[in-house]
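Hello,

Please find below the structure I said I would pass on. My notes on what turned up in it follow.

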Amino acid sequence: MLFCVSVPLSATIYRLPVLAAFGVGILQCGSLPLSIIAPRWATASWIAGTSAFIAFGTAAPGAPWPLAVPGLLGLCALLILLGLRQPIVVGIAAWALAAVASLQVLLYAGFGAAKIATVDGIVANLVTSTAVSAVALLLAYLLAQREDMRGELVAERQQSAAEQQRRVLVEERTRIARELHDVVAHSMSVIQVQASSAPYRLPQLDDATRGEFAEIAASARSAMHEMRRLLGVLRSEDAAGEAMPQPGLPQIVDLVPAVERAGVTVTVDIAPELPGEGIASTAAYRIAQESLSNVVRHAPDSHARVLAELVNNAIVLCVENDAPPGGTPSAPAAGGGHGLVGMRERCSMLGGTMHAAPTPEGGFRVLATLPLAASAPSPAGSAA
């Protein structure tokens, strides 16, 4: 568009030869796409076109001289492109060179009044074009700075979100480690008590067997001591109150009153053959607890169901809620939210799996499989 206006304007008003008008238009307008790949050559192209325009053109009465309107528009567009894509030094250099190139019109002052109208007109044109092009460059620089700040802000937000995700994951793993200590410490205590009391419960044991039991008891005490030291590193001041026995599947029903007070009705169905203690039982309780909390937050006034059964020596836990009244979002998208991170971490620790996704009816379902192979607690009654 600028080229189509520049060529006839130069040939008619400024009396450039047709070939020179085409050359000036190509050099000035071609500098715009050239600025994307070669800013220096783009600046040189515009200066060459302006020099040819001044050399072959003639100032018309009342017309801008030595920069015509298309030339000024091309310069502003060139400076904007350079300001947006290049360092500010490149834009300032191009602006300064363009101003110096425009001053060459004063060299033609001795060739007759037909070449230049009045010195006052030239000065006014140069001041106007220089000021307008400087404003264009300044606006381009400000826009570039704004985009850079926006990009840095987006990158900072992404980094903060990643840091938050890692922090939540570390906190959840620490909490799992504390719960694991409580479960394993119980089993180690049983082993230590049985090994220590064996010589008194079984007086017919020989000395070698008594020594073996003493070594087993000592190893159990040493392992418990090391676990307490590790727990002291993991346990924070905020977790000081978590020394109580860890809950399991039977304690899920204790969550129902608080959830129903928040407006969500809950149905709990836990198979009686499921273990009430152990790592898998505690993990199932925590998953059910977090799932019900999500139902309260994202599906108020709905109905939730908690089902747990024993399938292939694994706890299969399903927490599902109906679509809330009014069509509000029923749950976070699968893979989002810090609660789902903790749930998956618990399942991964036990070698299980977890799936969380919306249901076709508009609700949300969390399905977790927690193997029992390495998580069942030692029966306390075996000491007898």
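**Notes on the model**

Over residues 41-59 the chain is 84% helix and 0% strand, with the end C-alpha atoms 28 Å apart. That stretch is one of five that UniProt, in an unreviewed entry, lists as "transmembrane region": residues 12-34, 41-59, 65-82, 89-110 and 122-144. Another of them, residues 122-144, is 100% helix and 0% strand, and its end C-alpha atoms lie 33 Å apart. Those annotations come from the record and may be inferred rather than shown by experiment.

**The chain as a whole**

Please keep in mind that this is a predicted model. The mean pLDDT of the protein chain is 81, and 85% of its residues reach 70 or more. Two stretches call for care. Over residues 109-116 pLDDT stays under 50, and the model has 14 contacts beyond four places in sequence for them. Residues 374-384 also have pLDDT under 50 throughout, with eleven contacts beyond four places in sequence.

The secondary structure comes to ten helices and five strands. Of the 384 residues, 39% count as buried. Among contacts between residues at least 6 apart in sequence, 69% join residues at least 24 apart.

**Helices α2 and α3**

Helix α2 covers residues 18-37. At 1.5 Å a residue its 20 residues should span 28 Å, and the end C-alpha atoms are 29 Å apart, which agrees. The helix nevertheless has a bend of about 40° at serine 31, and proline 33 follows within four residues.

Where does serine 31 sit, buried or exposed? Serine 31 has 0% relative accessibility, so it counts as buried. A polar atom of its side chain lies 2.5 Å from the backbone oxygen of glutamine 28. Leaving aside residues up to four places away in sequence, serine 31 touches Ile26, Ala42, Ser45, Trp46 and Leu78.

Serine 31 is one of the buried residues of α2, a list that also holds Ala20, Ala21, Val24, Gly25, Gln28, Cys29, Leu32 and Ser35. What covers these buried residues includes α1 (2-12), α3 (39-56) and α4 (69-85).

Helix α3 has 18 residues, which at 1.5 Å a residue should span 26 Å; its end C-alpha atoms are 26 Å apart, so the two values agree. The buried residues of α3 are Pro39, Ala42, Thr43, Ser45, Trp46, Gly49, Thr50, Ala52, Phe53 and Ile54. Ala42, Ser45 and Trp46, which are among them, are also among the residues that serine 31 touches. The buried residues of α3 pack against α1, α2, α4 and α5 (88-102).

**Two residues with positive phi**

Most residues other than glycine have a negative phi. Which residues depart from that here? Arginine 15 is one, with a positive phi of about 60° although it is not a glycine. It lies in the loop between α1 and α2. With a relative accessible area of 62%, arginine 15 is exposed.

Aspartate 301 is another residue other than glycine with a positive phi, near 65°. Its place is the loop between α9 (279-298) and β2 (303-310). Aspartate 301 has a relative accessible area of 55% and is therefore exposed.

**Two further residues**

Arginine 286 belongs to helix α9. Is this arginine buried or exposed? Arginine 286 has a relative accessibility of 13%, and because the cut-off for buried is under 20%, it counts as buried. Not counting residues up to four places away in sequence, arginine 286 touches Arg175, Glu179, Gln246, Pro247 and Arg346.

Proline 360 is found in the loop between β4 (353-358) and β5 (364-371). Its relative accessible area is 78%, so proline 360 is exposed. Proline 360 and alanine 323 are 37 residues apart along the chain, and their C-alpha atoms are separated by 9.6 Å.

**Where to start**

When you open the model, serine 31 is a convenient place to begin, as the residue where α2 bends by about 40°. From there you can go on to α3, whose buried residues pack against α2 among other helices. Please treat residues 109-116 with caution, as pLDDT stays under 50 there, and likewise residues 374-384, where it also stays under 50.

Regards

Notes
Residues numbered from 1 in each chain as written. Predicted model: local features only at pLDDT ≥ 70, side-chain atom pairs only at ≥ 80, totals over all residues. Heavy atoms only, no water. Buried < 20%, exposed > 50% of the residue type's maximum accessible area, 1.4 Å probe, protein only. Polar contact = N/O pair within 3.5 Å; in protein donor to acceptor, adjacent residues only side chain to side chain. Contact = heavy atoms within 4.5 Å. Expected span 1.5 Å × (residues − 1). Bend = angle between axes of the 7 residues up to and from the residue. pLDDT = per-residue confidence, 0-100.
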